[in-house]
Amino acid sequence: MNEKDIQAISALLATPKKIAILPHRSPDGDAMGSTLGLYHFLLKLNHQPVVIAPNDFPNFLAWLPGSESVLVYENDRVHCTKVLQEAELVFTLDFNALHRTGEMEQVLNKLIVPTIMIDHHQLPDGYATYSYSDTSFGSTCEMIYNFIGFLNKKPLIDKTIGTCLYTGIMTDSGQFRFPKTTGTTHRIVAEFIDLGVNNSEIPTLIFDNNSYERLQLLGRALQNMKVLVDKKTSYISLSQKELDEFHYIKGDTEGIVNYGLTIKGIIFAAIFIEHRDENIIKISFRSQGAFDVNQFARDHFSGGGHINAAGGKSYDSLENTIKKFEQIVSNTNI
């Protein structure tokens with residue numbers, strides 16, 4: 001961020017305010033970690049922050065400190081709308097286009113208060129009053145750490161804030177394996193560990209808390225995997241019937257797409273998940289190396305994200321969506 005914006009934000013935060021903090025729809029570890037990390041930081045500055053998620057977050061993130069205070073727009077639109085309308089300042093974290101908030105976008109478009117966007121995705125929209133947008137970072141949580149530093153408030157970071165930010169850094173970095181994990185990233189999480197953050201417990205809470213049904217669903221997903229050897233591509237599909245069969249709950253399909261990239265020679269992986277209640281096929285893309293799944297998602301499936309991790313959607317049937325995908329891949333240089 002430039003010095004002028006930092007000074008303006010410091011002035012905004014100099015007196016107690018009602019502040020709304022928003023993650024994107026279907027929030028992941030980075031979205032919830034960054035919003036809750038900022039929430040606890042703003043509490044220390046005597047503000048009245050409220051995290052409002054567009055829809056429910058996965059159960060494996062429900063242990064995060066402060067998660068019990070999160071409002072969910074889809075569960076109580078009237079109250080959440082009132083909180084947004086009364087907010088004197090809005091933070092949007094881990095997304096850069098208001099449509100990523102789903103139905104909440106209609107309310108946000110009518111707000112006239114200052115908005116601060118902190119995000120690491122490509123091609124941000126211009127809705128924010130102040131923007132800290134940088135695609136070189138592997139997570140928004142790492143950017144929140146820097147943002148607190150910009151305000152000269154790093155001494156306020158404690159175990160609680162560190163736990164939230166560690167969670168987002170760890171999950172969005174693929175447990176520190178992805179290319180945007182730098183030496184600085186490791187030095188930041190080392191600071192959190194020195195504050196008492198339990199770096200051995202957090203991965204267990206997130207990744208080793210499976211239900212029997214989720215493991216059965218994973219087994220079905222792997223059975224459904226197809227490999228296009230000539231195109232170095234794999235994909236998985238899950239129908240609504242299969243989700244119902246294994247009693248799917250939000251978060252059960254998190255990370256399944258990554259299994260495709262563990263196959264020798266595969267550099268592009270996708271998963272297609274049918275959600276009949278929303279009349280949509282939700283798609284996740286992952287890649288290794290230079291293949292840009294962000295551009296692929298933007299060009300063909302109304303999505304976007306990062307070079308190596310992106311999402312998309314289709315309003316066609318699951319069968320037709322997969323046929324379209326195979327046809328596009330057959331004509332794509334991978």
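Begin by selecting Lys324 together with Phe301 in this predicted model, where the charged end of Lys324 sits over the ring of Phe301, at 4.7 Å from the ring centre.

Keep Phe301 displayed and add the aromatic residues that belong with it: ring pairs join Phe301 into a cluster with Tyr235, Phe268, Phe272, Phe285, Phe291, Phe296 and Phe325. For the wider setting, the count of aromatic pairs comes to 18.

Within the cluster, turn next to Tyr235 and Phe272, an aromatic pair whose ring centres are 6.0 Å apart and whose planes meet at 85°, which makes the arrangement edge-to-face. Colouring by secondary structure will help here, since this pair links distant parts of the chain: Tyr235 belongs to strand β8, residues 233–238, while Phe272 belongs to strand β9, residues 268–275, and the two partners are 37 residues apart. With a surface switched on, look at how each partner is covered: Tyr235 has a relative accessible area of 6% and is therefore buried, and Phe272, at 0%, is likewise buried.

From there, move the selection to Phe291 and Phe296, whose ring centres are 6.1 Å apart and whose planes stand at 55°, so this pair is classed as tilted; an angle over 60 degrees would be needed for edge-to-face. Phe291 has a relative accessibility of 12% and so counts as buried, and Phe296 is buried as well, with a relative accessible area of 5%.

To finish, show the cluster once more with Lys324 added, and follow the ring pairs that link members including Tyr235, Phe272, Phe291 and Phe296 to Phe301, the ring over which the charged end of Lys324 sits.

Methods:
Residues are numbered from 1 along each chain as its sequence is written. This is a predicted model: local features need pLDDT of at least 70, side-chain atom pairs count only at pLDDT 80 or more; totals for chains, interfaces and linings use all residues. Side-chain values use heavy atoms; hydrogens and water are left out. Rings of Phe, Tyr and Trp (its six-membered ring) pair if their centres lie within 6.5 Å; planes under 30 degrees apart count as stacked, over 60 as edge-to-face and the rest as tilted. Helices (H or I, at least four residues) and strands (E, at least two) are DSSP runs, numbered from the N terminus. Buried means under 20% relative accessible area, exposed over 50%, partly exposed in between (1.4 Å probe, protein chains only). A charge sits over a ring if NZ of Lys or CZ of Arg is within 6 Å of the ring centre and within 35 degrees of the ring normal.
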